[in-house]
Amino acid sequence: MPTNLRSQKRDARSVLEVSRPISAPDDTALFVDPQRRALLVGGIAAASGAAMMASGARSQTKPDPTVGHDMSTMMDDPYAAPMPGMAHGNMTTVGLVDHARNGFDPTAMLTDWETGRTEQLSDGRTLRTFEVDAIDKEIEIAPGIFFPAWTFNGRVPGPALRAKEGERLRIIFRNFGSHPHSMHFHGIHSARMDGVPGAGLIGPGEEFIYEFDAKPFGCHLYHCHAFPLKRHMHKGMYGLFVIDPDPALRPEHVAVAASRLLGSSENAEWQEMAMVMNAFDTNFDGGNEVYACNTVALAYMNVPIRIDKSRPVRIYLLNVTEFDFINSFHLHANFFDYYDTGTTLTPTQRTVDVIMQCQAQRGILEFSFADHESGMYMFHPHQSEFTELGWMGLFDVQEPSA
C-alpha cells in the first residue's frame, strides 16, 4: 500500500451518531487518516510531468500515437490502472469502488434523469408525480472508504428530478431514516411547501406530499432543510432539480428552449449530463477528506466520459460541497458558455474555461469538441487540493460511432 494512503478501522460508535445506518453490515466503518488533507491517491504525480515522461517532447507535426487511444507506444505507469500509460499521469485511486454494492454508478448518474409518472388534469395541464424516500445507507466513496450517508432513494446525490415548465408537480416524500428530514426545493412555491420545520419536515416513519407548479425553468436543486443543516447536507441529502423551458412560451428563443426540452428532437442532438460537485467529511471534524463529482472519488478518471465530437455537450452543474466556501469547474483545452442558474436562454458568461460556485449555486455549461482532435481531455476544479483528493475526470473525445 502506498505510504501516502493511510486508512484505518475504528469503532464506529466512537465517531458516528448513535443511530447507525440501517444497511451497515457490521459495527465498523473504514475512514481515512484523521489528519485533514491526508492524500487519498496512491503514487500521485503532476499530470504535466507524467505526460513528458510518457513520450518526451513530441513533435506537433507528426501523428500523435495517442490518437485512437493506442497506448502501446507509451511508457507503462504502474499506478495508472485501469489505463496503463495514460497520457495524463497516475492521478487515480488504488482499486475500484463497487458500484453494484453502492446501488448507483457515477457513469449512469450522468444521464439518469428521473421523470416520474404523468397524468392529465381536468384543466388540461400535466401532473407529474415523483416518489422519494429518505434512507440511511452506508456507501463507498473511494476504494475501501465507507461513509454512513443519509440518502434520497438510496443514492448520493439523490435522483435528478426533471420536469417541464408549467406542469403541476407532486412529490410524495417518505422518511425511512433515523432522523427528521424534509425536501426543500429551490423554486417558486407556497410557504407551506417550503420543506422547513412546520412546512414539510417529517419524522421517521412519516409521509408528506409537496405540490406546486414547475417554475421558473432552469437548473435548480433540492435538499433536506432539517437542523443542523450542515449535518443533513454533508451527509448526502441533496439532488439536482431541472425544469425545462416550454418553447411555446419562449417565441423569441424557441430553438434554444426546444434544445433543452427533454424528449424533443432538438434535445436529442445534445449530449446532456448531470454533475453534482460534493465532498465528504469522513472523520466528522468539520473538514472534508474526500472530494468528488457525483460522489465517487476519481470515478471519471477510472472510467472517462465518452464524448461524440460531432455533437455539442451540455452539463447541468451543481455545487453542494459543505465546509468549503467555493468549488469550481475547469475544462482543459476548450472553453464554454455558462448560464448561471439556467434561468436564461442566453449565456450569462461567454467563452470561459473556469467558473466558480458557492454552495447551492448551479448553472448550465455548453461547449463542443467538433474542431478538436480525438483524445482525453481533463476537467477538474481549480482548487488543486480538491483535485488531488478526488474531484477530477476525463472526457474521452472520439469520432462519431458508425
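A residue counts as buried under 20% relative accessible area, as exposed over 50%, and as partly exposed in between. By this scale, Glu 399, at 47% relative accessibility, is partly exposed. The structure examined here is a predicted model, and the results below concern its salt bridges, its sheet and its aromatic rings.

Side chains of opposite charge can pair when their charged atoms come close. In the whole structure, 18 salt bridges were found. One of them joins Glu 399 to Lys 309, with 3.4 Å between the closest N and O atoms. These two residues belong to distant parts of the chain, 90 residues apart: Glu 399 is in the segment after strand S23 (393–398), and Lys 309 is in the loop between strand S15 (305–308) and S16. Unlike the partly exposed Glu 399, Lys 309 has a relative accessible area of 10% and is therefore buried.

A second salt bridge connects the side chains of Arg 162 and Asp 244, at 3.0 Å from N to O. Because Arg 162 is part of strand S7 (residues 160–164) and Asp 244 is part of strand S12 (residues 238–244), this pair ties together parts that are 82 residues apart in sequence. Arg 162 has a relative accessibility of 2% and so counts as buried. Asp 244 is likewise buried, at 3%.

A third salt bridge is formed by the side chains of Glu 211 and Arg 168, with an N to O distance of 3.3 Å. Glu 211 lies in strand S10 (residues 207–213) and Arg 168 in strand S8 (residues 168–175), so parts 43 residues apart in sequence are tied together by the pair. Glu 211 is partly exposed, at 23% relative accessibility, and Arg 168 is also partly exposed, at 23%. Both residues belong to a network in which salt bridges with shared partners join Asp 123, Arg 125, Arg 168, Arg 170, Glu 211 and Asp 213.

Strands of a sheet pair through backbone hydrogen bonds, either parallel or antiparallel. An open sheet of six strands, with mixed pairing, follows the order S14-S13-S16-S21-S18-S19. Strand S14 (290–293) and strand S19 (349–352) stand at the edges with a single partner strand each, so one side of each has no neighbour in the sheet. From one strand to the next, the twist averages 20°. Within this order, strand S13 (residues 271–280) and strand S16 (residues 313–319) run parallel and are joined by seven bridges. Opposite Met 277 stands Asn 319 in S16.

A pair of aromatic rings is described by the distance of the centres and the angle of the planes. The search of the whole structure gave 22 aromatic pairs. Among them is the edge-to-face pair of Phe 329 and Phe 336, with 6.2 Å from centre to centre and 75° between the planes. Both of these phenylalanines are buried. They also take part in a cluster, linked by ring pairs, that consists of Tyr 300, Phe 329, Phe 336, Phe 367, Phe 369, Tyr 377, Phe 379, Trp 391 and Phe 395.

Charged side chains also sit over aromatic rings. Arg 314 lies over the face of Trp 270, at 3.9 Å from the ring centre. The charged end of Lys 235 is placed over the ring of Phe 147, at 5.8 Å from the centre of that ring.

Notes:
Residues numbered from 1 in each chain as written. Predicted model: local features only at pLDDT ≥ 70, side-chain atom pairs only at ≥ 80, totals over all residues. Heavy atoms only, no water. Phe/Tyr/Trp six-rings, centres within 6.5 Å; stacked < 30°, edge-to-face > 60°. Buried < 20%, exposed > 50% of the residue type's maximum accessible area, 1.4 Å probe, protein only. Lys NZ or Arg CZ within 6 Å of the ring centre and 35° of its normal. Pairing = 2+ DSSP bridges. Helix = DSSP H or I, 4+ residues; strand = E, 2+ residues; numbered from the N terminus. Axes fitted to C-alpha atoms, helices over the stretch in contact; angles between N-to-C directions. Salt bridge = Lys/Arg side-chain N within 4 Å of Asp/Glu carboxyl O.
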